[in-house]
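Work through these exercises with the sequence and the model side by side. Try each task before reading its solution.

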Amino acid sequence: MMNKKVKWSVISVTSAAFLTFAGLVAGNSNEKNGDMNKTSQIDQDSTLNDSDLNSNDSDFNQDFVQDHSDEQDRGSTWGQDHAYQSPSEGFSQGHSSSGVSR
Amino acid sequence: MIEAEFKAMNSTIKLLGIEPAMQCKLKELFSQFEQKASRFIRNNELEYMNKSPLHVPVHVDETLADLLEKSLQLSRKVDYYVHPFIGDAMKSIGYNHSFHLEYIPTFEKNDSWTEDFFEEPIEQLTSRWIIKKRHFSFDFGGFGKGYIVDQARKLLVQENINNALINAGGDLTAIGKHQVGIEHPMLIGTDIMKLYIENHAMATSGKHYRKWRDGHNFVHHIVNGQTGKVANNHVVQASVIAKTVMEAETIAKIFCILPLVQAKALIYEKFPKTAYFLYLINDQMIVGGDATLYEKLEVAT
C-alpha cells in the first residue's frame, strides 16, 4: 500500500501536470484570438489603402514625394498642395507685383 | 530704394534699386534685343530667319543663337509643349500684332500645322548656322522676355549690384530678398498674394488679359506646343518661382497647358526646384511645389 507521502506526491505531480497542460491550452487559444485581431487590423489597413488609391489631387503630392524620395537626391522638398478660396478683395500693388508692369 | 521704369517689349519695365547710369544700360539692352527678336518688327534678324528658304544653311545672329539654344534646352525638357517654332499657330489664332487693350485680331489660317508636333523643324549645323527642314516661323514669346530679363540680371551681378529687382510685365528677377506680389486675375490692380523671394525669379502666365474673340469664342495667347491649339485646362493664371526667368516662364506655361496632375508630374521630374501658385476656373487657388523658395506668404482674404 502506498504510504501517505507517496500518495500526496502522486497527487501533487498529477495536479501540476494537469495545471501545466491547462495553461498550455489556454495560452494557445489566446494566441488564436490575437491572430483574429490582427486580421481585423489588416482589413482596416486594406481599407485605408483603398482610400489612398482614390485620393484626389491634394494627396497626390504626398504619394508622389514618397515614391520618389528614394530616387536621386534632387535636393528639393515638395510638400502637399494648399488650397485657398479666392478672396473678394486683394492687397494694394507695389513695384514688384506681377500685374503692375504691363 | 530707387524706382524707375521704361517701356519695352509691349510692357512697362520696372526697376528697383538701380542707379540711373545702369538704368540707361538696361534700357539699351532691352531695346537692342527687341529690335532683333520681336516678330512684330519688320526687316529684323528674326524676320530674316523666318523668311529664309528651306534646306540651305541660314546664318543666325549671335544673340538669337544664344536665345535659340536656351529655348531648345527648355523645350526638350518639357516635351515640346512649349517651344519657339510656334509662330504659325499664333498667327492662326489671331495673334498677329503686338497686343493692347483694344486689340483687334487678324487671322492667318494656314496648313503648316497639320499634325501633332513630333520633331524639331531645324537642323543645327553649328551654334550659328541652321537648316530649316520644313515651313514654320519662329516666335520666342515668353522665352524672349525671360531671356532678356535673365541677361539683365547677369549684367547687374557683373557690376556687383547685390540688391535690385527687375519686373518686365510680370516676369521678374530678384537680386537679394524682395517682397513680390501675384496679381488677382479677377480683381485687376490688386494682389492676391504677397511673398518674399531671394535671388530667384518669378514669372506669371495667364489667360485672362491677352485674349480676344474668334467668332463666338474667346481665345488667348497660350498655345499647346504639341497640338497648335489654344490651351484649355482649368488654370486661369500660373505664377512660378524658379532659378531663372526663362525657366519660370516655361513652367508657368506648362501649368496653363496640361492637366494639373500631368503638369505637376512633369515639373517635379524636370524642374524640382519650383514653387507654383495657380488660380483655377472655379476661383480656387493652389499653392505647391518647393516651399523653401519663398518666405512669409500672405494670402488675401
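The exercises below concern a predicted model.

**Exercise 1. Describe the secondary structure and burial of chain A.**

Solution.
- Step 1: Count the elements. Chain A has two helices and two strands.
- Step 2: Put them in order. Starting at the N terminus, the pattern is α-α-β-β.
- Step 3: Turn to burial. Chain A has 102 residues, and 13% of them are buried.

**Exercise 2. Trace the nine-stranded sheet and find its edge strands.**

Solution.
- Step 1: Follow the order. It reads S1(A)-S15(B)-S14(B)-S13(B)-S10(B)-S7(B)-S6(B)-S2(B)-S1(B). The sheet is open, and its strands pair antiparallel.
- Step 2: Name the edges. They are S1 of chain A (82-85) and S1 of chain B (3-8). Each of these pairs on one side only.
- Step 3: Check the turn between neighbours. It averages 15°, with direction ignored.
- Step 4: Look at where chain A joins. S1(A) pairs with S15(B), residues 284-289, through four bridges in the antiparallel sense. In this pairing A:Ala83 sits opposite B:Ile286.

**Exercise 3. Which strands do helices H1 and H5 of chain B touch or lie across?**

Solution.
- Step 1: Start with H1(B). This helix lies across S1, S2 (11-16) and S6 (164-168) of chain B. It runs at about 15° to S1(B).
- Step 2: Move to H5(B), residues 141-158. H5(B) packs on the sheet and touches S2, S6 and S7 (171-175) of chain B. The directions of H5(B) and S7(B) make about 15°.

**Exercise 4. Classify the packing of H1(B) against H3(B).**

Solution.
- Step 1: Take the geometry. H1(B) covers residues 20-37 and H3(B) residues 62-77. The angle is about 80°, and the axes are 10 Å apart.
- Step 2: Apply the cut-off. Angles of 65 to 115 degrees count as roughly perpendicular. Therefore H1(B) is roughly perpendicular to H3(B).
- Step 3: List the residues that meet. H1(B) brings B:Phe33, B:Lys36 and B:Ala37. H3(B) brings B:Thr63, B:Leu64 and B:Leu67.
- Step 4: Sort them by class. The contact has four nonpolar residues, one polar and one charged.

**Exercise 5. Is B:Ser11 buried or exposed, and which side chain does B:Ser11 contact?**

Solution.
- Step 1: Locate the residue. B:Ser11 belongs to strand S2 of chain B.
- Step 2: Read its accessibility. The relative accessible area of B:Ser11 is 4%. Buried means under 20%, so B:Ser11 is buried.
- Step 3: Find the partner. The side chains of B:Ser11 and B:Lys145 make a polar contact of 3.3 Å.

**Exercise 6. Map the strand partners of S9(B), including the one from chain A.**

Solution.
- Step 1: Begin with chain A. S2(A), residues 91-92, runs antiparallel to S9(B), residues 190-198, and two bridges join them. A:Phe91 stands opposite B:Asp191.
- Step 2: Add S8(B), residues 177-183. Seven bridges link S8(B) and S9(B), again antiparallel. Here B:Glu183 faces B:Asp191 across the pairing.
- Step 3: Inspect the hairpin between S8(B) and S9(B). Six residues lie between the strands. B:Gly189 has a positive phi near 100°.
- Step 4: Finish with S16(B), residues 295-299. S9(B) and S16(B) pair antiparallel over three bridges. B:Tyr196 is opposite B:Glu295.

How values were computed. Residues numbered from 1 in each chain as written. Chains lettered and ligands numbered in written order. Predicted model: local features only at pLDDT ≥ 70, side-chain atom pairs only at ≥ 80, totals over all residues. Heavy atoms only, no water. Axes fitted to C-alpha atoms, helices over the stretch in contact; angles between N-to-C directions. Parallel < 35°, antiparallel > 145°, perpendicular 65-115°, else oblique. Contact = heavy atoms within 4.5 Å. Nonpolar A, V, L, I, M, F, W, Y, C, P; charged D, E, K, R; others polar. Pairing = 2+ DSSP bridges. Buried < 20%, exposed > 50% of the residue type's maximum accessible area, 1.4 Å probe, protein only. Polar contact = N/O pair within 3.5 Å; in protein donor to acceptor, adjacent residues only side chain to side chain.
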